[in-house]
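Got your viewer open and a hand free for selecting things? Here is a short walk through the model, one stop at a time.

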Amino acid sequence: MNAETLEAEPTVEAPVADDGVISDLYNDPFPIYRRLRETAPVHWVPAIGRYLVVGFSAIHTIDHDPETFTANEEGSLMIRAMGHSMLRKDDPEHAEERKALGSVLKPKAIKTVWNEVFQCNYERYLKDFIAEAEPDTVDGQKVLRADFHTGFAEPYAAENLREIIGFKNATWQDIRRWSQDMINATGNYADDPEIWDLGKKAFDEVDDAIDEVIPSLDENTLLAHMISAGMPIHSVRANIKMTIGGGFNEPRDAMGTTLWALLERPDQLAQVRQTGAKGWERAFDESVRWVAPIGMYSRQTTKETVLEGIRLPAGAKLGVNVGAANRDPAQFENPEEFDINREQKPHLGFGAGTHYCAGAWVARAQVARVGLPQIDAQLPGLARDPEREPRAGGWVFRGMLSVPVTWQCN
Ligand code: HEM
């Protein structure tokens, strides 16, 4: 069903979510999502001035009807923080910019170029991870302990993205800082001047780094493809910033969530080990459904419309909450469970429709083909650290904040 066909049905106003909803989402959004979904697929949330869309089929409608639900949001904080990228444009402008990415993020380039880069980065950061681990004794057994999130997932994902973009003049720590500071500015609804200052600094540094590297680009990189496709420089700048914001945290977070989910479920981990590559890919995909690293993105109505029986005024700002929709029982059986054996159905963790993630293949390759299977094979007895608690946080972006693990000393 699309928004048009629903117009003939009886309509109601969206229920209003209480103000506490937003402040409680950070720690554990899932019980709140469940409560919201049980009442209605769309809620008005005064605290953020948006309609929060939590139902799977409502989001499916939105993502496939860009004429009614534009990505080009008025007053978008993302445009202010990063410039006007393809993510905030509709077709045909969006399609033209997306085409300029060329083959860089596609399976052939992964096979011929990026797998080797990921492998090198894996080896380099695994070495650092092991060298920086703390020796200890747990239950009489000599172990090494470390935080997988900060010690491996973070440098590995940032370094992979740095190389894909073509920033040979930056470090992985630059990517991490730029990404976080621009993401914070994108979510700066409270208009905190300090957050804007840091965001602006990252914005300017990225522009300078682009200018500096353009004369000596390697041909396989995103920057080289955008420039040779004739993309105007202001669009190159905006799309690179959006990719820094969207191509680092997400593989890092999916890697941490997948590993943690499997360490907590030894039966599924054993099954993955037995199945090999396919098993790791299945676990990665289930983790992106279970805890969507990008939990919410925005859209805006271009006209008054009715979505799943709920009236939306023209110009309504929407929070498309895929983190909630990915646990909608109308789409998935036992949706709160991490289950690699569930019936495979499309989820929304990579978005849907014209803005479907351009980096999904790259993410899957670095996490499920290179990073996780090898780390699991190379660290004997890899397990949860029984003495340290894992931490997860966030809802607009969500992932593990700390994944404490141990493995046996040789
Ligand atoms: C697990 C990892 C990832 C997840 C869960 C993810 C998720 C998403 C989602 C939900 C969207 C759509 C947002 C919207 O419609 O507003 C998106 C778009 C996009 N992603 Fe990813 N992403 C991941 C990794 C990556 C990587 C590694 C890259 C680049 C190297 C990347 C590049 C992009 C780009 C360029 C777009 C914009 C596509 C367009 O507008 O047509 N992503 N991603």
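Two strands count as paired here if DSSP finds at least two bridges between them. Keep that in mind for the sheets, and remember throughout that this is a predicted model.

**Stop 1: a four-stranded sheet**

Start with the open sheet whose four strands run in the order E5-E6-E14-E11, with antiparallel pairing. Its edges are strand E5 (134–138) and strand E11 (383–384), each of which pairs on one side only. Now zoom in on the middle of that order. Strand E6 (residues 141–147) and strand E14 (residues 404–408) run antiparallel and are joined by five bridges. Select Arg145, and across from it in E14 you'll find Thr406. As background, strands of a sheet pair through backbone hydrogen bonds, either parallel or antiparallel.

**Stop 2: a three-stranded sheet**

Next, pick out the open sheet with the order E1-E9-E8, where the pairing is mixed. Why is one side of E1 and of E8 left without a neighbour in the sheet? Strand E1 (12–13) and strand E8 (305–307) stand at the edges and have a single partner strand each, so one side of each stays free of a neighbour in the sheet. E1 runs parallel to strand E9 (residues 310–312), and two bridges join them. To see one such pairing, select Glu13 and look for Arg311, its bridge partner in E9.

While you're here, click on Glu308, in the loop between E8 and E9. Glu308 isn't a glycine, yet its phi is positive, about 50 degrees. For context, most residues other than glycine have a negative phi.

**Stop 3: the ligand and its iron**

Select the ligand and show what surrounds it. Of the 26 residues around the ligand, the nearest are His94, Arg98, Arg299, His355 and Cys357. Which protein atom is the donor to the iron? The iron atom of the ligand has a single protein donor, the SG of Cys357, at 2.3 Å. Follow the chain on either side of Cys357 and you'll see that this residue sits in the loop between helix H16 (322–325) and helix H17 (360–378).

Now try the polar contacts. Arg98 has a polar side-chain atom 2.7 Å from an oxygen atom of the ligand. In the side chain of His355, an N or O atom is likewise 2.7 Å from a ligand oxygen. Gly246 uses its backbone instead: one of its backbone N or O atoms lies 3.5 Å from a nitrogen atom of the ligand.

Step back and colour the shell by element. Helix H6 (93–99), helix H12 (233–247), helix H13 (249–264) and strand E7 (297–301) each give at least two residues to the shell. H12 has the largest share, with four residues. Colour by class instead, and the shell splits into 14 nonpolar, nine polar and three charged residues.

**Stop 4: an unusual peptide bond**

Select Asp91 and Pro92 together. The peptide bond between them is cis, with omega at about 10 degrees. Pro92 belongs to the loop between helix H5 (77–82) and H6. In general, most peptide bonds are trans.

**Stop 5: the second largest pocket**

Turn on a surface and look for Trp260, Trp290, Ala392, Arg398 and Met400, which lie nearest the centre of the second largest pocket among its 17 lining residues. The space in this pocket comes to about 330 Å³. H13, strand E12 (391–393) and strand E13 (399–402) each supply at least two lining residues, and H13 has the largest share, with four. By class, this lining has eight nonpolar, three polar and six charged residues.

**Stop 6: the cavities**

How many cavities of 30 Å³ or more does the structure hold? There are two. The largest has a volume of about 60 Å³. To find the largest cavity, select its lining residues, including Ile62, Phe69, Asp90, Arg299 and His355. You've already met Arg299 and His355 among the residues nearest the ligand. The lining of the largest cavity divides into five nonpolar, two polar and three charged residues.

The second largest cavity has a volume of about 40 Å³. Among the residues lining this second cavity are Phe30, Tyr33, Trp395 and Arg398. Arg398 also appeared at the last stop, as one of the residues nearest the centre of the second largest pocket. The lining of the second largest cavity has six nonpolar, two polar and one charged residues.

Methods: Residues are numbered from 1 along each chain as its sequence is written. This is a predicted model: local features need pLDDT of at least 70, side-chain atom pairs count only at pLDDT 80 or more; totals for chains, interfaces and linings use all residues. Side-chain values use heavy atoms; hydrogens and water are left out. A residue is near a molecule or strand if one of its heavy atoms lies within 4 Å of it. A polar contact is a pair of N or O atoms within 3.5 Å; within protein, one must be able to donate a hydrogen and the other to accept it, and residues adjacent in sequence count only if both atoms are side-chain atoms. Ala, Val, Leu, Ile, Met, Phe, Trp, Tyr, Cys and Pro count as nonpolar, Asp, Glu, Lys and Arg as charged, and the others, Gly among them, as polar. Donors are N, O and S atoms within 2.8 Å of the metal (3.2 Å for Na, K and Ca); water is not among the atoms, so sites may look incomplete. On a 1 Å grid over the protein atoms alone, a cavity is a set of points where a 1.4 Å probe fits but cannot get out, and a pocket is an open set with protein on both sides within 12 Å along at least five of seven lines; lining residues have an atom within 4 Å of a point. Grid points are joined across faces, edges and corners, and a volume is the space filled by probe spheres set on the points.
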